[in-house]
Amino acid sequence: MEEGETMNRNSDLPGGPHQMRWGGRKEIEEERIDEILELIWTLRERGISDLYQLLEAGKDLEAKSILRVMIRDDLFDVEGNRVILKERGEEKAREIIRRHRLTERLLSEIFEMSEEEVEQEACKLEHILSPGVTESVCTFLGHPPTCIHGKPIPRGECCAKFKKEMKPLVIPLEELGLGEEGRIVFIAPRSHQRLDRLSVLGIVPGSILRMHQKNPSYVLQIGETTLALDGEVVRDIYVKKVKD
Ligand SMILES: [Zn+2]
Ligand SMILES: [Zn+2]
């Protein structure tokens with residue numbers, strides 16, 4: 001890097017030339033804490049809460065010193081070998097997981113990125129999305145219940161009280177009006193078996209469904225085929241309205 005370049009960049013920064021705005025010590029520590037909280041959460045989903053397994057799974061060589069900081073900050077406790085999130089840690093972890101999984105959905109369904117790209121980007125964005133943006137993304141995606149790997153997305157405030165200021169782009173299939181068409185964006189099934197059954201019927205992301213009837217049961221058209229579907233199945237399917 002040339003000297004002139006450095007000087008220019010510094011003078012462009014608001015609030016004086018020597019303020020570290022990105023990648024400072026504090027940010028790096030914050031990110032590492034986030035990573036460990038995320039790991040504690042995902043291991044717990046798999047039924048693991050052992051401290052040594054946590055240290056092994058983490059790639060952070062300085063994990064031990066970070067863990068000390070985290071205990072000091074009241075994020076978790078260790079009982080025997082068991083790692084137990086405290087209220088603050090639980091809340092923080094929940095938010096990180098929520099940001100990560102929502103970002104996965106956004107990048108994969110809306111920006112159609114490959115799974116590999118999605119993972120890389122989600123790991124970066126989970127640290128920087130503000131609460132407001134996170135709510136907007138969730139609303140935009142129609143409050144998806146799961147990530148692209150089928151893991152639950154922790155609910156946010158926006159999921160409980162429906163926000164009217166922002167129209168979701170992706171809506172649950174059941175909200176499609178009679179005679180309207182929707183392109184399937186994603187399916188969040190509660191079982192893999194069900195996903196297989198749906199794909200046999202041609203119900204896969206990308207295909208277009210037309211809503212014929214909602215009551216007493218759902219009748220939908222896909223291509224030339226008319227299908228009757230259970231409400232339970234319909235609730236797993238998310239679509240984007242097709243404008244004629
Ligand atoms: Zn995921
Ligand atoms: Zn939501």
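# Reading two zinc sites and their helices

Student: I would like to begin with one residue, Glu-104: does its relative accessibility make it count as buried or exposed?

Tutor: This is a predicted model, and in it Glu-104 has a relative accessibility of 3%, which means that it counts as buried, since the cut-off for that word is under 20%. Across the protein chain, 36% of the 244 residues count as buried.

Student: Which protein atoms are the donors of the zinc ion (ligand 1)?

Tutor: To read a metal site, start with the donor atoms and their distances, and then turn to the angles. For the zinc ion (ligand 1) the donors are Glu-104 (OE), listed twice, together with Cys-147 (SG) and His-149 (ND1), and they lie 2.1 to 2.6 Å from the ion. Along the sequence these donor residues follow the spacing E-x42-C-x1-H. Glu-104, in helix H5 (residues 87–110), and Cys-147, in the loop between helix H7 (131–140) and helix H8 (157–160), are 43 residues apart, and this pair links distant parts of the chain. Cys-147 has 2% relative accessibility and therefore counts as buried.

Student: Why is the arrangement around the zinc ion (ligand 1) described as irregular?

Tutor: As a general idea, the ideal angle for four tetrahedral donors is 109.5 degrees. Around the zinc ion (ligand 1) the four donor atoms subtend angles of 53 to 141°, and the arrangement is therefore irregular.

Student: What arrangement do the four donor atoms form around the zinc ion (ligand 2)?

Tutor: Around the zinc ion (ligand 2) the angles run from 101 to 115°, which makes the arrangement tetrahedral. The donors there are Cys-138 (SG), His-143 (ND1), Cys-158 (SG) and Cys-159 (SG), at 2.1 to 2.4 Å from the ion, and their spacing in the sequence is C-x4-H-x14-C-C. One of these donors, Cys-158, counts as buried because its relative accessibility is 1%.

Student: At what angle do H5 and H7 pack, and how should I read it?

Tutor: Two packed helices are described by the angle between their axes and by the distance between those axes. H5 and H7 pack at an angle of about 45°, and their axes are 10 Å apart, which makes H5 oblique to H7. Their crossing is left-handed, and the contact is made by Arg-98, Arg-99, Leu-102, Leu-106 and Ile-110 of H5 with Thr-134, Glu-135, Val-137, Cys-138 and Phe-140 of H7. Cys-138 has come up already, as a donor of the zinc ion (ligand 2).

Student: Which way does H5 cross H6, left-handed or right-handed?

Tutor: H5 and helix H6 (residues 115–128) pack at an angle of about 140°, with 8 Å between their axes, and H5 is therefore oblique to H6. H5 passes H6 in a right-handed crossing. Among the residues of H5 that make this contact are Ile-96, His-100 and Glu-104, while those of H6 include Val-118, Ala-122 and Leu-125. Glu-104 is thus met again, having appeared above as a donor of the zinc ion (ligand 1).

Student: Which residues does Val-83 touch, leaving aside those up to four places away in sequence?

Tutor: Val-83, which lies in strand E2 (residues 82–85), touches Ile-40, Ser-49, Leu-51, Leu-54, Phe-76 and Asp-77. With 9% relative accessibility, Val-83 counts as buried. Its C-alpha atom is separated by 9.3 Å from that of Arg-44, 39 residues away along the chain.

Student: How many helices and strands does the protein chain have?

Tutor: The secondary structure comes to ten helices and eight strands. Of the contacts between residues at least 6 apart in sequence, 64% join residues at least 24 apart.

Conventions: Residues are numbered from 1 along each chain as its sequence is written. Chains are lettered from A and ligands numbered from 1 in the order in which they are written. This is a predicted model: local features need pLDDT of at least 70, side-chain atom pairs count only at pLDDT 80 or more; totals for chains, interfaces and linings use all residues. Side-chain values use heavy atoms; hydrogens and water are left out. Donors are N, O and S atoms within 2.8 Å of the metal (3.2 Å for Na, K and Ca); water is not among the atoms, so sites may look incomplete. Four donors count as tetrahedral if all angles lie between 85 and 135 degrees; four count as square planar and six as octahedral if opposite donors are over 155 degrees apart and all others between 65 and 115; anything else is irregular. Helices (H or I, at least four residues) and strands (E, at least two) are DSSP runs, numbered from the N terminus. Buried means under 20% relative accessible area, exposed over 50%, partly exposed in between (1.4 Å probe, protein chains only). Axes are lines fitted to C-alpha atoms, for helices over the stretch in contact, and angles run from 0 to 180 degrees between N-to-C directions. Angles under 35 degrees count as roughly parallel, over 145 as roughly antiparallel, 65 to 115 as roughly perpendicular and the rest as oblique. A crossing is left-handed if the near helix is turned anticlockwise from the far one by less than a right angle, and right-handed if clockwise. Contact means heavy atoms within 4.5 Å.
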